[in-house]
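Let us walk through this structure together, going from one helix pair out to the whole chain. Have the sequence and the 3D view at hand as you read.

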Amino acid sequence: MVQNILKVIGGVAIFIYGMTLMSDGLQKVAGTKMRSILRLFAKNRFVAVLTGVGVTSVIQSSAATTVMVVGFVNAGLLNLEQSIGIICGAHIGTTITGQLVAFKISSVIFPAIIMGLVMNLSRQRTVSHWGQVVMGFGFLFLGMDMMNGTLRELAFIQTAFKYFQCAPVDGIMPPKAVLGAILVGMLATVIIQSSSACTGIIIVLAGNGLVDLYTAVALAMGSNIGTTITAQLAAISANRVAKQAAMAHTLTQALGVVLIVVTFWMRVHGEPLFFWVIRNISPGAETPRMIANSHTVFNIFSTLVFLPFIPQLARLCERIIPVNRKDVKFRRLDPLLLASPSIALAQTTAALRKMLQKAWRMVDCAINIYNHNDESNQRMVRQLEKREEDVDQRQQEIADYLSALMQQGELRANEASQIPLLLHCTNDAERIGDHTAMIRGILGRLEEQERRFSPQATAELDGLHEQLRELADAVILTLEKNTPENVARARAIRSAMVEKLTECEREHLNRINHGHCVPEVGIIYLELLEEFRKIGRHLANIADRAENFYEKLQKLGKLAVPASPDGETQSFE
């Protein structure tokens, strides 16, 4: 008996391992483009559902899809209604696994494992990933084969399932048994963290005669609810909109189960309505195939029911988890997006753009202290220290995020090459912010001496300030939308500014030589020009590097960096 128990446990472990291996391999084969599709093709509820079906059918993990969706919502890449559509579609896409498990193809187990192993040893990444899929396929059916037959010999398993036998008694399914089976299926899925794996095990149990069709379907219903725990866990640290998306996932599954379970007590020709439908669409099919079909029918039915009511469902989630939209902060650098390097890189660029905007505002404020220090500028001056801390923190967050991204095992070479470019750009943006203190110190010395620049020098500084502002705007625009025109404009402004700086230095030396400038003030003026030059150099560095990594991102078919009015809190569509 002990040997049989160990064999069953080992079979379950190998089955789950095979399913995980196959799913991971499919996700690697699909690459980042499948994840990008979730964002690009979710414009309305109908397309969103089809997108969820397509992506989940490819990667064979509704949990992975929903976790990505939660991450996208938390980052502001999807709104609530779009996320609900994708989640509903994911419910359908995941049913392919159940259909696959219902086949009896034990003869291909060892050829699949051997072929998968050989392919997995290939140096070509695509071949290696496909090898992982094939090998996972083999292990999945090996686990099933180990469980088959042995389960029948364990009497205590048969006894345990008798407590949850849902077969009709006098034409009526026992409510307590149905509820108990649903709870068992839900708990099992929470533990296993995979509804596909749980459904597969249910099919194996039915194939060995341990559970009937009625009990198996009730267990599968519970499994569909249990799988929502993954999204709920992913949303714990997310914003409230992402929590609403996770809640929508739970509601659609729970309400769908309620709708189906109600049909258990609606009889057609003496048969519960749902099972009458399954038997009619599966004529002559064995129990495992009918379970797989019931799983598919349930998910298609619940999706079709909720599809017209997605806006209303979104409003319900907003009532359950209320949120002040003005206070919602979208987390661009969401850890959940690290599984999608292309999107993580685009989000990092968006975070860099926001950081540069803040650093430039600090510099702009410091320069304005001399000649344009109005009430608004004075308010910002009082916040400069806090703003500098914020810029430094953003630099650290971007560096940590890129470091975590580098630790992802499946970065492509051209994705990995973006990381040092982004790090250099982040350092340049942080140094721009550091020049704020330098400029304040220089102008502070001028104030202490109770002196002013000459009208000519003041006009030159105003002109340089305007050029520097134009250069900063051009570079920020390049980070948002890289085009040859934007890059050329940034370079043209930079060249004109260098010429202007040289001209100002020459004119200033003439003023000193002719005694029109006090030497102490002249030194301060030259120091200020040098600060302008350094800031311009940092901005030019960012523009040059941005052109390079954007070119590579476009070759990979990446997402455009999402724009928002303030770069932080995005408006709802």
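In this predicted model, helices α9 and α10 cross in a right-handed manner. Helix α9 covers residues 175-192 and helix α10 covers residues 195-207; their axes cross at roughly 125° and come within 8 Å. Are the two helices parallel or oblique to each other? An angle from 115 to 145 degrees falls outside the parallel, antiparallel and perpendicular ranges, and α9 and α10 are therefore oblique.

On the α9 side, the residues at the meeting point are Gly185, Ala188, Thr189 and Ile192, and on the α10 side they are Ser195, Ala197, Cys198 and Ile201. Sorted by class, this contact holds five nonpolar and three polar residues, with no charged ones.

Two of these residues also meet a partner from the start of the chain. Ile16, which sits in helix α1 (residues 2-40), touches Ile192 and Ala197 once residues up to four places away in sequence are set aside. The C-alpha atom of Ile16 is 8.7 Å from that of Ser194, although 178 residues separate the two along the chain. How accessible is Ile16? Its relative accessibility is 23%, so Ile16 counts as partly exposed, given that buried means under 20%.

Ser196 is another residue to look at here, and it belongs to helix α10. With a relative accessible area of 7%, Ser196 is buried. Beyond residues up to four places away in sequence, Ser196 touches Met19, Thr94 and Thr97.

A second helix pair can be viewed in the same way. Helix α4 (residues 80-93) packs against helix α13 (residues 240-262) at an angle of about 35°, and their axes are 9 Å apart. The crossing of α4 and α13 is right-handed. From α4, the residues taking part are Leu80, Ser83, Ile84, Ile87, Cys88 and His91; they meet Val241, Gln244, Ala245, Ala248, His249, Thr252 and Gln253 of α13. By class, the α4 contact with α13 has seven nonpolar and six polar residues, and no charged ones.

Now to the interior. In soluble globular proteins, nonpolar side chains tend to be buried together. Which residues have the most contacts inside the largest nonpolar core of this model? They are Leu356, Phe453 and Leu539, in a core of 94 residues. The element that gives the most to this core is helix α17 (residues 341-371), with 15 residues. Another core lies apart from that one; it has 53 residues, including Ile202, Ala216, Met221 and Ile278.

Phe453 deserves a closer look. Setting aside neighbours within four places in sequence, Phe453 is in contact with Tyr370, Leu443, Leu446, Thr458, Leu461, Val521, Ile524, Tyr525 and Leu528.

What of a charged residue that is buried? Arg533 is found in helix α24 (residues 519-555), and at 16% relative accessibility Arg533 counts as buried. With neighbours within four places in sequence left aside, the contacts of Arg533 are Arg494, Leu501 and Glu505.

The loops offer something to check as well. Most residues other than glycine have a negative phi. His269 has a positive phi, near 55°, and Glu450 also has a positive phi, of about 55°, although it is not a glycine. The table places each of them.

| Residue | Phi | Loop between | Relative accessibility |
|---|---|---|---|
| His269 | near 55° | β1 (267-268) and β2 (271-272) | 74%, exposed |
| Glu450 | about 55° | α21 (418-448) and α22 (455-480) | 74%, exposed |

Finally, step back to the chain. How many helices and strands does its secondary structure come to? The total is 24 helices and two strands. The chain has 573 residues, of which buried residues make up 54%. Among contacts with a separation of 6 or more, 80% are between residues 24 or more positions apart.

Notes:
Residues numbered from 1 in each chain as written. Predicted model: local features only at pLDDT ≥ 70, side-chain atom pairs only at ≥ 80, totals over all residues. Heavy atoms only, no water. Core = buried A, V, L, I, M, F, W, Y, C linked by side-chain atoms within 4.5 Å. Buried < 20%, exposed > 50% of the residue type's maximum accessible area, 1.4 Å probe, protein only. Helix = DSSP H or I, 4+ residues; strand = E, 2+ residues; numbered from the N terminus. Contact = heavy atoms within 4.5 Å. Axes fitted to C-alpha atoms, helices over the stretch in contact; angles between N-to-C directions. Parallel < 35°, antiparallel > 145°, perpendicular 65-115°, else oblique. Left-handed = near helix turned anticlockwise from the far one by under 90°. Nonpolar A, V, L, I, M, F, W, Y, C, P; charged D, E, K, R; others polar.
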